[in-house]
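Reader: I have the sequence and the model open side by side, and I would like a close look at one part of the fold and its surroundings. Please walk me through it at an easy pace, starting from the outside and working inwards.

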Amino acid sequence: MPIRSTVPEDRDEIKNILHRTETFSEREIEIALEVFDIHFEDPEEDYELYTCVDEKNKVLGYVCTGPTPLTEGTWDIYWIAVRSDAQGKGVGKQLADFLEDRVRSARGRLVVAETSSSETYGRARRFYVKHGYHELATILDYYRPGDHLIIYGKYL
C-alpha cells in the first residue's frame, strides 16, 4: 500500500474516514479539516500530510504531522486515522512507520501524540502502546472533568 503526499482531492475521503472511525467529535473533525485546508493554503505552515492508498488510489488512511514549534527534533502527530474497513490490516502501522522514517530523515528524535482518556480513544491508546509509544504524562481533567490528556511519546 503506497503512501504519498496528501492532495487536495483527498479531503472528502479523509472527512469520511474521520466521521466513520467514531472516535472524533464534530468539533475535532472541523479542526482536522481546518488543518488540512491550512496545509494547502499556507505553504509556510509546518503541517505535513501523508495518505496511504490502495491500488486504485482510494484513501485508506492519513497522518498529519509536523515539527513541534520551539523544539529541537520533536515532532507531533496531530491526526492519524484509518478507514474503518481497513483497520487491523497494517495501514496504521505503515503510516506510523512512514512518519517515524520521515522524522528520522529530518534529524528528529522524538514523536509525541496527545490523546484523551475517554473510552472513544481506547483504540488510539492501544495503537500507540502496541507501536512502541510510552505514556510520558497525564494531565487530569484536562478536556473536562474525568477526561484526561494522555501524552504518548517515542524516542527514535
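**From a helix to the strand inside**

Author: Let's start at E13, which is in contact with K58 and V59 once its neighbours within four places in sequence are left aside. Please keep in mind that this is a predicted model. You will find E13 in helix α1, which covers residues 11-20. E13 has a relative accessibility of 24% and therefore counts as partly exposed; the limit for buried is under 20%. The helix itself, α1, lies across β2, β3 and β4, and runs at about 95 degrees to β3.

From here we can move to D76, which is 63 residues away from E13 along the chain, with 23 Å between the two C-alpha atoms. D76 stands opposite V112 in β5, and β5 is the part I would like to dwell on. Strand β4 (residues 74-82) and β5 run parallel and are joined by four bridges. To get from β4 to β5 the chain passes through helix α3 (residues 91-105), in a β-α-β crossover that is right-handed.

On the other partner, the sense changes: β5 pairs with strand β7 (residues 147-155) in the antiparallel sense, over seven bridges. V112 appears again in this pairing, standing opposite G153 in β7. E114 in turn stands opposite I151 in β7.

Now step back to the whole sheet. It is an open sheet of seven strands with mixed pairing, in the order β1-β2-β3-β4-β5-β7-β6. β1 (3-5) and β6 (134-144) stand at the edges with a single partner strand each, so each has one side without a neighbour in the sheet. From one strand to the next, the twist averages 25 degrees.

How much of β5 is covered? Six of the seven residues in this strand, which spans 110-116, are buried. T115 is a good residue to pause on, and its place is in strand β5. With a relative accessibility of 3%, T115 counts as buried, because the limit is under 20%. Leaving aside neighbours within four places in sequence, T115 is in contact with Y121, A124, R125, Y143, H148, L149, I150 and Y152.

What about the nonpolar packing? In soluble globular proteins, nonpolar side chains tend to be buried together. Here the largest nonpolar core has 22 residues, and I77, L95 and Y128 have the most contacts inside it. At least two residues of this core come from each of β2 (48-53), β3 (59-67), β4, α3, β5, α4 (122-130) and β7. Helix α3, which we met in the crossover, supplies the largest share of the core, five residues.

I77 is worth a look of its own. Not counting residues up to four places away in sequence, I77 touches V63, C64, T65, L99, V111, V112, A113, Y128 and Y133. Separate from that largest core there is a second one of 16 residues, which includes L18, F24, C64 and A81.

To bring the view back to β5: this strand has β4 as its parallel partner and β7 as its antiparallel one, and V112 stands opposite D76 as well as G153.

How values were computed. Residues numbered from 1 in each chain as written. Predicted model: local features only at pLDDT ≥ 70, side-chain atom pairs only at ≥ 80, totals over all residues. Heavy atoms only, no water. Buried < 20%, exposed > 50% of the residue type's maximum accessible area, 1.4 Å probe, protein only. Pairing = 2+ DSSP bridges. Right-handed = clockwise from strand over helix to strand, strands pointing away. Core = buried A, V, L, I, M, F, W, Y, C linked by side-chain atoms within 4.5 Å. Contact = heavy atoms within 4.5 Å. Axes fitted to C-alpha atoms, helices over the stretch in contact; angles between N-to-C directions.
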